[in-house]
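I opened the file for this protein and kept notes as I went. The entries follow the order in which I looked things up.

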Amino acid sequence: MWRHPSADFSVSKIRYYSRHKGEVNCCAFSPDCHVLLTCCDDARLYLWSATSAKHLATFSGHSGPVKSCVFSSDGQLFASASHDRTVRIWSRSSTECTHILTAHSGSVETVSFSPDGQRLVSGGWDNRVLIWRVQSGEMLEDLRGHTAAVQSSAFSSDSQSVATGSWDRTVRVWKLLEEKEAVTLQGHLGNVACLCFSVRGTLASGSWDGTVRVWSPMHHACLFVLGGCERVWVRSLAFSRDGLVLASIAEGDMVRIWDVTSGVCLKRLQGHKDSGYGCVFTPDGKLLTSGSEQLDVEEERSESLNRTEQDSKE
């Protein structure tokens, strides 16, 4: 009998990643699921063993809070965006910064690699969306149209489109290397704080208005509005590998799991002791990790929520 993938979500085997000296703003898994990358208001990035929670390395160089971090698809590079107005590209193997990207004139709030590893998108307080060539650090496109700060970004799975979310309350979907007007998705009543594409091509956006919207960018249509009963800031979103479920975390102490085919909230995972800041699935779909402002008096900042795969029970 078919079981919905969310049936096996549970909170167990909690691991703590506890060297952060400020709020954890973002976390990302390496493609092989062995390493967890986190970034923090203390201006540093941290690498951890995802299985043991052992601290592997600390990366310094930014002069302000690090707002976003992401691995490249091959896991050899990672990128960071900072309040210091720069984007940095780092080599995982050499632990060196390979490029410092400096075109932004305000805090950089978001950074994302394209799935093909060739391009990088960044956005920030200067209302601009910049596309960069990863290998050289060259800026390829300066996309303008948002009328307020750009806080979130995501590439489509084919690397041909990028979505951006802004404090102007809109989502824009840009077709790269084509002289076409961006598709503007409207409906949120607050700043758009987070975005993610599924492998099925749907796009999810989370807002300060307390809602998550699931879109069909091709049809310029909103398919579902999730939540909204509480006016809380939706901070992070993540689709499962199969695109059937969506995880969201907001101000509060729980992660919500949504069925994106019906718009129903399937589970509420509790474990944090303070507001959550980021959530992400491992590439293999077995784990969902979420970061929070503060877990306990010892300032342990981040925990893993274990997902047991369906086939392990069969």
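Below are my notes on the model as a whole, then on a few places in it.

**Entry 1: the model and its confidence**

I noted at the start that this is a predicted model. I looked up the mean pLDDT of the protein, which is 84, and found that 82% of its residues reach 70 or more. I then asked which strand has the lowest mean pLDDT and which the highest. Strand E27 (residues 302-306) is the lowest at 39, and strand E10 (residues 119-124) is the highest at 98. Over residues 295-314 the pLDDT stays under 50. For that stretch the model has 73 contacts beyond four places in sequence.

**Entry 2: overall content**

I counted strands and helices next: the protein has 27 strands and zero helices. Of its 314 residues, 59% are buried. I also checked contacts between residues at least 6 apart in sequence, and 42% of these join residues at least 24 apart.

**Entry 3: the record**

I looked at the UniProt entry, which is unreviewed. Its annotation "repeat: WD" covers residues 17-58, 59-100, 101-142, 143-184, 185-216 and 234-268. I picked out residues 185-216 and found the chain there to be 59% strand and 0% helix. The end C-alpha atoms of this stretch are 10 Å apart.

**Entry 4: one sheet**

I followed four strands that form an open sheet in the order E5-E6-E7-E8, with antiparallel pairing. Which strands stand at the edges? They are E5 (66-71) and E8 (97-101); each has a single partner strand, so one side of each is left without a neighbour in the sheet. Neighbouring strands of this sheet are turned by 15° against each other on average, direction ignored. I reminded myself that strands of a sheet pair through backbone hydrogen bonds. Within this sheet, strand E6 (residues 77-82) and strand E7 (residues 87-91) pair antiparallel over five bridges. Phe-78 stands opposite Trp-90 in E7.

**Entry 5: strand E23**

I asked why strand E23 (residues 254-259) is described as largely enclosed by the rest of the structure. The reason is that five of its six residues are buried. I then looked at its partners. Strand E22 (residues 245-250) runs antiparallel to E23 and is joined to it by five bridges. In that pair, Leu-246 stands opposite Trp-258. Strand E24 (residues 264-270) also runs antiparallel to E23, with six bridges joining the two. There, Asp-259 stands opposite Val-264. E23 and E24 form a hairpin with four residues between them. Gly-263, in the turn, has a positive phi of about 80°.

**Entry 6: cysteines**

I looked for disulfides and found zero. I wanted to know why Cys-27 has no bond to Cys-26. The sulfur of Cys-26 is the closest cysteine sulfur to that of Cys-27, but the distance is 6.1 Å, which is too far for a bond; the cut-off is 2.5 Å. Cys-27 is buried, since its relative accessible area is 7% and buried means under 20%.

**Entry 7: Arg-19**

My last stop was Arg-19, in the segment before strand E1 (24-29). Its relative accessibility is 47%, so Arg-19 counts as partly exposed. What is Arg-19 in contact with, leaving aside its neighbours within four places in sequence? The residues are Tyr-46, Trp-48 and His-55. Tyr-46 is 27 residues from Arg-19 along the chain, and their C-alpha atoms are separated by 8.5 Å.

How values were computed: Residues are numbered from 1 along each chain as its sequence is written. This is a predicted model: local features need pLDDT of at least 70, side-chain atom pairs count only at pLDDT 80 or more; totals for chains, interfaces and linings use all residues. Side-chain values use heavy atoms; hydrogens and water are left out. Buried means under 20% relative accessible area, exposed over 50%, partly exposed in between (1.4 Å probe, protein chains only). Two strands pair if DSSP finds at least two bridges between them. Axes are lines fitted to C-alpha atoms, for helices over the stretch in contact, and angles run from 0 to 180 degrees between N-to-C directions. UniProt positions are given in the numbering used here, feature names are shortened, and annotations may be inferred rather than shown by experiment. pLDDT is the predictor's confidence in each residue, from 0 to 100. Contact means heavy atoms within 4.5 Å.
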